Amino acid sequence: MDPKELLATYTLNYLRGKKIIGVGTGKTVKKLIEVLSSEENLKESSLFVASSIDTEIELSKRGFKVLSLFSAIQPEIYVDSFDIVTKDGIMIKGGGGALLREKLLAYFSKYRIFIGESTKLKDTKVIDIPIEVISVGVSYVKYKLEKMGFTVKIREGSGKMGPIISDNGNVILDVSVKTENLCEFDRMIKNIPSIVETGIFCKELYNKIILANEQGRIEEMDAGDGI
Ligand code: 5RP
């Protein structure tokens, strides 16, 4: 079975009956929204808060009611995916460039679950961390991080010349970082002017990570479990 489909079906049990649901961004989340679209109760009785324009379009298209992030209504639950989870239980997000709103919703929501294929559990020594930067500060931030010894790439897309621009009008850098002390790195670089947010999600930002593999095995990990 496709692990994304399995995760989506499994996640339904967490979402049924919830009135305000925050939703992440990416292919895993798209599969979840597709699976949710046959849940008439969720369409009628629940309101959704999207972490990106892409997710908002996807939800609206399938008939879900979407609240603006400006509404400041606390989601009862937030569901999203991730690019990598390290063996220490730290997630890296932002492959889809939505890290700022995703982190905002993860902080704001009462309960947070992150779903992904087991292959996203990685034991690598160096990871590319997405970092959202106010555009006018990009050259300075790049200079500063390179001076600190990091390798920095400005993220570019296709269909547009130059940097991709996030839903918040900012630029995304991908910075190569050793996996020791990722949460310390996250705190430290926030002191550099123009850095808005990083894609490092430490344990205080989730309650549960749910992994699924191609053999249909589901594994749940709580923030306190360690991995
Ligand atoms: C977007 C994200 C996504 O959750 C992450 O990139 C995983 O995406 P996918 O489900 O496509 O593998 O952080 O900013």
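**Talking through the pockets and the ligand**

Colleague: Which backbone contact does the ligand make with threonine 25?
Modeller: Keep in mind that this is a predicted model. In it, an oxygen atom of the ligand sits across from a polar backbone atom of threonine 25. The distance between the two is 3.1 Å.

Colleague: How much of the ligand does the protein bury?
Modeller: Start with the ligand taken alone, which exposes 370 Å². Put the protein back, and the share of that area it buries is 91%.

Colleague: And what is the distance from a polar side-chain atom of aspartate 83 to an oxygen atom of the ligand?
Modeller: Asp83 is among the residues that come nearest to the ligand, and so is Gly94. For glycine 94, a backbone N or O atom lies 2.8 Å from a ligand oxygen. For the aspartate 83 side chain, the distance is 2.6 Å.

Colleague: Where does the largest pocket lie?
Modeller: Its volume is about 470 Å³. Of the 24 residues lining this pocket, the closest to its centre include Thr25 and Gly95. Both domain 1 (3–122 + 202–222) and domain 2 (126–198) give residues to the lining, so the pocket lies between those two domains.

Colleague: Which element gives the largest share of the lining of the largest pocket?
Modeller: Two elements give two or more residues each to this lining: helix H4 (53–61) and helix H2 (27–36). The largest share is three residues, and it comes from H2.

Colleague: How many residues in the lining of the largest pocket are charged?
Modeller: Sort that lining by class and you get five nonpolar and ten polar residues. The charged ones number nine.

Colleague: What about closed spaces: how many charged residues are in the lining of the largest cavity?
Modeller: The count comes to two cavities of 30 Å³ or more, and the largest holds about 30 Å³ of space. Its lining includes Val49, Leu69, Ile73 and Phe108. By class there are seven nonpolar and two polar residues, and the number of charged ones is zero: no charged residues.

Colleague: Which helix gives the largest share of the lining of the second largest cavity?
Modeller: This cavity also has its volume given as about 30 Å³, and its lining includes Leu99, Arg101, Glu132 and Asp167. Domain 1 (3–122 + 202–222) and domain 2 (126–198) each supply at least three residues. The classes split into three nonpolar, three polar and three charged. As for the helix, the largest share, three residues, comes from H5.

How values were computed. Residues numbered from 1 in each chain as written. Predicted model: local features only at pLDDT ≥ 70, side-chain atom pairs only at ≥ 80, totals over all residues. Heavy atoms only, no water. 1 Å grid on protein atoms, 1.4 Å probe; cavity = no way out; pocket = protein on both sides within 12 Å on 5 of 7 lines; lining within 4 Å. Points joined across faces, edges and corners; volume = space filled by probe spheres on them. Helix = DSSP H or I, 4+ residues; strand = E, 2+ residues; numbered from the N terminus. Nonpolar A, V, L, I, M, F, W, Y, C, P; charged D, E, K, R; others polar. Domains from an automatic or database assignment. Near = heavy atom within 4 Å. Polar contact = N/O pair within 3.5 Å; in protein donor to acceptor, adjacent residues only side chain to side chain. Areas by Shrake-Rupley, 256 points an atom, 1.4 Å probe, with all protein chains shown as cover.
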